Structure formats: C-alpha cells, structure tokens
Amino acid sequence: MEPIRIEKDATQPWDAVVIGSGIGGLVTASQLAVKGAKVLVLESYTIPGGSSGSFQREGYTFDVGASMIFGFGEKGYTNLLTRALADVGEHCDTLPDPAQLAYHLPGGLELAVDRKYEQFIADLTARFPHEAKGIRHFYDICWQVFNCLDAMPLLSIEDPTYLAKVFFKSPLACLGLARWLPVNVGDVARRHIKDPELLRFIDIECFCWSVMPADLTPMINAGMVFSDRHAGGINYPKGGVGVIAQKLVKGMQRHGGEIRYKARVTRVVLKDNRAVGVQLANGEIIHARRVISNATRWDTFSGEGSKQALVDAEHTPAAEQTWRRRYVPSPSFLSLHLGVRNEAIPANSHCHHLLLESWDEMESEQGVAFVSMPTLLDPSLSPEGHHIVHAFTPSSMQAWQDLSPATYNSKKQADADRLIRKLEKILPGLSQAIVHREVGTPRSHRRFLGRFQGSYGPIPSSRLPGLLTMPFNRTGLKGLYCVGDSCFPGQGLNAVAFSGFACSHLIGADLGINPWALPN
Ligand SMILES: NC(=O)c1ccc[n+]([C@@H]2O[C@H](COP(=O)([O-])OP(=O)(O)OC[C@H]3O[C@@H](n4cnc5c(N)ncnc54)[C@H](O)[C@@H]3O)[C@@H](O)[C@H]2O)c1
Ligand SMILES: CC(C)=CCC/C(C)=C/C=C\C(C)=C\C=C\C(C)=C\C=C\C=C(C)\C=C\C=C(C)\C=C\C=C(/C)CCC=C(C)C
C-alpha cells in the first residue's frame, strides 16, 4: 500500500479537508477531486458512509439507516446519486422497487405507493373518491416543483455566477423554484383537499421522510420526494446502501483524493479568524486552504447542549445561534436489525412498510414504525433461507438519558420486544423466526454516527417559510463550510448529495477551479 501523504506543514496545505465521510462529505470531496483539488477526508469511524453505511454480521449485510433510496434515476438532473458516482467513473447496479412504501394506517387505511404515478393516483382516489380532483391537483403541483428541479444542473445557489447562468438556461424553472422556496406542504394541501383523513394521509406522507407534518415540511422537498418515486423510482443499490459510499471513496481516490479512518477531528484550527486546518484526537494538526464539516451544525459550532464542538464559543458566528432558535434536532431512533427465517415474510411482501396505530401517535415517542426488508430486492444480503428485517421508530435521547446500565439494558430489550409485537401485525410469527437480533438506541446512534443527540436531522422549531431560512454551505467563519443535513435542503440521501454538489461548487468558485460551462 502507498504511504498516506499527510502534510503537517502549513506551507503545503491540502486544498480541502473534509470532516466526515457521510454522503454529503463524500460528494463534496469526490466532486472537488474531479476539479483537480487535493482533498483529504477524515472519518472517525472504521467505514465510510455515516448513516448511509452498511455493516456485516454473521452473514448479513445490514444498512445503518433506511434503505428507501431516491436520486438513482437515469434521466434529468435530480438523479444526484447516479451523477455523483458517474462523475468519478463509478456506477451502482440498482434493483427497482415496484412500490415506494406500503402504509398500514389507522381506520384500515392500507395503501402501497405504486412506482407508476397513475396507479398511485387511482389507488388513492379509490379510497377517497370525493377528493378525486383535489388529489390530482395536489400531486400534480408536486410534479411542477419536481420538473423545475429536474430541468437545471443543481449547484450552489450561493454562487451568483451559477445563478446567472442557470437563469439564462432555464428562466421559467428558476422562477418556479423561487416561487415554491417559501412554501410548506400543508398550505398547498389544504387549498385542494378538504377531507380531514386525507389531510392526515398527506401528513404521514411527509412525516415518513421529513419527520414533520405537512405544515412544517418544505414544498420543494415534497416535490422532490412525491415525484422522484415515480420518475426515477425507488432503487436499491445491489450489495447494500453502503456500496454508494464505498464507490464514492474509490472514485475519489482514483482522482487523487485520500481518506483516513479512525481519524476523529476535535477542533477546527483558526488563524486570524479564518479556518486553516483541523486537529485530530491524537493531537496531529493538518493544514488546509478550505475546511468542510460534514458533522451536524450542533457538533460543528458551540452552543447550548453541544459538548466539544469543533469551533469554540468565542469564534462561533452569531448566525449559528439564530439557526439553533429556528431548528431543533429531530428525535433519533430505536432501531432493530433482525435476521429472520424466510417463513416470517409473507410471499409478495413489499420492501418498505410504515405502521401507525392511531393518528394521535404520529409525532409521539415510538409512535410510527418503519420497516425495511432489503433482502426482498437483494437476497445476497442474508444467508440462504433468511431475510433481513430492519425496523426503526422515532425515539428521543431524553427517554434514554440518566438510566443506570441495568435499567438502560432492560428498557432496550423491552422496547425492542414491543416494536416486534407491533410488526407482527404485518409479519405474523416474526418473534418466533428471529435468529439474529441487534438493538440500537439514540445513544448508539450518537456513539457510532457522532450525531448530536443521535438526531435524524434538524426540524423547524415553529412554522418557517419553507426552505427560505435553511442555511447554505458557507458559514460565518472564513475558510469553513458545512455540508450534510444541517444545510439546505435538509435530511435525506438525495438532499445531502445536493448539499455536497452545492458545497464543492461553491468552494470551486472560491478557489477558481470550476469549469466555465454548466454540466450537461
Ligand atoms: N434515504 C435513506 O434511506 C437514508 C438512509 C441513510 C441515511 N440517510 C440520510 O443521510 C443523511 C445524513 O447524511 P450526512 O451527509 O449529513 O452525514 P452522516 O451523519 O451520515 O455522516 C457524517 C459522518 O461524519 C463523521 N464524523 C462526524 N463528526 C466527525 C469528526 N469530528 N471527525 C471525523 N468524522 C466525523 C461520522 O462518523 C459520519 O460518518 C440523513 O439526513 C439521512 O436522511 C437516508
Ligand atoms: C435564490 C432564489 C431567490 C432563487 C433561486 C431558485 C433556485 C435555482 C432554487 C433552487 C433550489 C434547489 C436546487 C433545491 C434543491 C432541492 C433538493 C435537491 C431537495 C431534495 C430533497 C430530497 C429529500 C427530502 C429526500 C428524502 C428522502 C428520505 C429522507 C427517505 C427516507 C427516510 C426514511 C425512510 C427515514 C425516516 C423514517 C421515519 C420513521 C420518520
């Protein structure tokens, strides 16, 4: 193996050092490497991908996070995972999912979101025939948003040169996006739909990816999710979600980028109020012309509740406190990674399911249960005759803090047992068929993913104007950028991939290494 090239000398800095190898960090790093920048990624864990990694146990390949993947289409500009991989000469074989998600909702509302748009509209209309027009109007508006996004290369709207070029290329799409930027889903849904149960359905349609009801979910993101599932479709990467990160690393390395694992950054090194490098837990200092943090903003900047942030309180920009007032951490998850005998999975099951027993429980601790069974698409992820059942339910750190080790362990097992009983509604006999079981709590998510309170990502603390107040990649500290789900447009794999494209484009503009023409 070639020796790793690490300059400790401030006269020969890296062009860019990226803290963290989540998809946001890896897209930034790999895009910068393609532009010719000398890039180093520092990852505290032993594998790449963060919440989009995969881990192996007893013949199973488990996904760390969910496996409902958007952005793997073949056409347009919103297929950001396909594009990020192709730009570094990589490709993931994917397996098309015939349905995005099967809902099992209160009042016997059972519906699988078909990959084919017209089929989905027909199925929903069959359940709410009196709302046929409203359903069509609402989801067609989501398509308008999606079509605007899909019509233009998606780069940094912080760069005035890009904005001018993209406006020249697609003026109507730009105006369309500007119109929807300050809007939330709830306002649009209520304009077209009156049935309270259908409005609740729109709430859960949002909650299952944004962890927020429709009133707090930005319309731009809904346009993306509610349409891409029918345009590019939901596609599972063969070999597990972790393959995406592994291939981004490989492609980045081929373009001269480097990655170090077990390299925890403890602080951003500042000189004259400018980020000039990072310090690792072992004391080593690495100099860089630009520093990019893929850690959450709570872990990057000091503020209430943040222990050992990368930037001290004295140098944390005032804008970060405004952000903390506007956005709060969403709950983390209680998660189950199960290996089960085949008999527990009914024939023709869908891969993804969402269970909710009462509408009042949608935002409650351990209310919604989400299930993903990727072996239904890719049997190679488990030993023969077995499936993976990966289930998770929102759970907040507060519910798991200040417990004695014995109480923590017994709560962990009791809550996992309760979740398994809930799943038996769709997987009868599940508890008898389990041969491998691992339980993760918010504390596990914080420990292994390094995420503040183990959170899934930021959510608005009150009704905000859509995406208008979400910060971009530049921070108030010169030389320091953020990427990932505490940046515009928020959580989601395709969303953080966008954040990575935008971040690398902005740094490329700052370093003067961007190509003149927009990508095709
Ligand atoms: N659609 C899906 O099914 C799905 C599945 C998984 C994840 N996701 C999405 O992925 C998003 C998260 O992506 P992301 O790019 O923001 O990042 P991430 O949180 O997944 O990864 C951040 C990485 O940074 C590393 N890190 C943090 N602090 C560090 C430090 N001080 N030093 C070194 N390394 C450090 C972590 O170990 C981790 O690997 C989530 O919003 C989630 O929605 C989606
Ligand atoms: C500046 C002005 C005035 C005008 C400029 C106009 C302009 C050019 C605007 C541009 C805007 C852009 C480019 C916006 C881009 C937005 C994008 C790319 C949004 C992407 C969103 C993707 C999302 C939200 C994907 C989400 C997928 C997820 C999270 C899937 C599943 C998650 C789970 C199953 C876990 C959740 C589980 C439970 C139980 C809650």
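This report describes a predicted model of one protein chain and the surroundings of its two ligands.

## Model and confidence

Residues are numbered from 1 along each chain as its sequence is written, while chains are lettered from A and ligands numbered from 1 in the order in which they are written. In this predicted model, local features need pLDDT of at least 70 and side-chain atom pairs count only at pLDDT 80 or more, whereas totals for chains, interfaces and linings use all residues.

The pLDDT is the predictor's confidence in each residue, from 0 to 100. Its mean over the chain is 96, and 98% of the residues reach 70 or more. Over residues 1-7, however, the pLDDT is below 50. Beyond near neighbours in sequence, that stretch has eight contacts in the model (two residues are in contact if their C-beta atoms, placed from the backbone, lie within 7 Å). The model scores are ipTM 0.94 and pTM 0.96.

## Overall fold

The chain contains 16 helices and 20 strands; these are DSSP runs, numbered from the N terminus, with helices (H or I) of at least four residues and strands (E) of at least two. The radius of gyration of the chain is 22 Å, close to the 24 Å that the globule rule gives for 520 residues, so the chain is as compact as a globular protein of that length. This radius is taken over C-alpha atoms, and the rule is 2.2 Å times the number of residues to the power 0.38.

An unreviewed UniProt entry places the feature "domain: Amine oxidase" at residues 23-494. UniProt positions are given in the numbering used here, feature names are shortened, and annotations may be inferred rather than shown by experiment. The end C-alpha atoms of this span lie 9 Å apart.

## Surroundings of ligand 1

A residue is near a molecule if its C-beta atom, placed from the backbone, lies within 6 Å of it. Around ligand 1 there are 34 residues, of which Gly20, Gly22, Gly50, Gly65 and Gly484 come nearest. Helix H1 (23-34) gives the most to this shell, with three residues.

Domain 1 (14-52 + 70-92 + 238-326 + 465-511) and domain 3 (331-454) both give residues to the shell, so ligand 1 lies between them. The domain bounds come from an automatic or database domain assignment.

## Surroundings of ligand 2

Ligand 2 has 26 residues around it, with Ala66, Leu177, Phe370, Gly492 and Phe498 nearest. Helix H9 (219-233) supplies the largest share of this shell, four residues.
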